[in-house]
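Student: I would like a close look at one part of this protein. Please take me through the charged pairs and the cysteines.

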Amino acid sequence: NMNTLEVLSRQQITLEGVRCMALSRGSIFVGLSDGSVAILDERSTAITRQFTAHDKAVNVIAVSPDGTRFATASDDKRVRVWDAELGEAISRPFEGHKLSVCSLAFTPEGQDIVSGSWDRTVRLWNSDSAEEIGEPWITQAPACFLGYSKNSKRIFAGLAISRAWLSGDALPEHMPAPSVARVFADAELFSSQETGYAWAFQ
């Protein structure tokens, strides 16, 4: 339970090469190192579907706000969007990153997707057409975590470097890491990394 941090149940999942997981509407989406995605029943943890999603390892999975679609990103430099029930591709691959894609987030409305890569760019895509929206943002380090503010107007990126920094209105240029944690908390985001940059795009 994300509100109480109470453990509701304990289930053992036996899959080799697990790289990432996401939970939505009674299903667990698991990205694997062989490029496949397994969809499991949340209660029984039985695999209901497994398919090849990418040519290389799946690094991150993001589920749309309405739970009907999920996106995957991979070491093959691509992002893909899938029907959550059928496990079928909805659009062509999103292509533009030059290195592995390591972070993803849907907009709160679910129409667009933002992706971050080890090529130090953050890109915004239309989830239906797979077309990139505008020019990529250049970051000082790979964006290993992405999320949106509650009003959908700002994208927050946690970068893989050891100092904390955030670009935005009414915020100092340099902030200690605890301040970044509070910024993420205000935006209803969470990052497991203790250190890193936070960058806000408008």
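Student: Before that, what does the accessible surface of the protein come to, and what percentage of it belongs to carbon and sulfur atoms? Then please turn to the salt bridges and the cysteines.

Tutor: Keep in mind that this model is predicted. The accessible surface of the protein is about 10800 Å². Carbon and sulfur atoms account for 48% of that surface. The protein has 1 helix and 15 strands. Of its 202 residues, 49% are buried. Now look at contacts between residues at least 6 apart in sequence: 41% of them join residues at least 24 apart.

Now the charged pairs. The count is 4 salt bridges. Start with D128 and R69, whose side chains meet with N and O 4.0 Å apart. This pair links distant parts of the chain, 59 residues apart. D128 sits in the loop between β11 (121–126) and β12 (137–138), while R69 belongs to strand β6, residues 69–74. Their surroundings can be compared by accessible area. R69 has a relative accessible area of 13%, so it counts as buried, being under 20%. D128 has 47%, so it counts as partly exposed.

Next, stay in the loop between β11 and β12. E131 forms a salt bridge with R92, and the closest N and O atoms are 2.6 Å apart. R92 lies in the loop between β7 (78–83) and β8 (94–95), so this pair ties together parts that are 39 residues apart in sequence. Here E131 is partly exposed at 44% relative accessibility. R92 is partly exposed too, at 42%.

A third pair to find is R123 with E132. Their side chains meet in a salt bridge, N to O 3.2 Å. R123 is buried, because its relative accessible area is 9% and the cut-off is under 20%. E132 is partly exposed, at 27%.

Last, the cysteines. A disulfide is a covalent bond between the sulfur atoms of two cysteines. The count in this model is 0 disulfides. Take C102, which is in no disulfide. The nearest cysteine sulfur, that of C144, is 4.4 Å away. A disulfide needs the two sulfur atoms within 2.5 Å, so this pair does not qualify. C102 is buried, with a relative accessible area of 14%. Another cysteine, C20, also counts as buried, at 10% relative accessibility.

How values were computed
Residues numbered from 1 in each chain as written. Predicted model: local features only at pLDDT ≥ 70, side-chain atom pairs only at ≥ 80, totals over all residues. Heavy atoms only, no water. Helix = DSSP H or I, 4+ residues; strand = E, 2+ residues; numbered from the N terminus. Buried < 20%, exposed > 50% of the residue type's maximum accessible area, 1.4 Å probe, protein only. Contact = heavy atoms within 4.5 Å. Areas by Shrake-Rupley, 256 points an atom, 1.4 Å probe, with all protein chains shown as cover.
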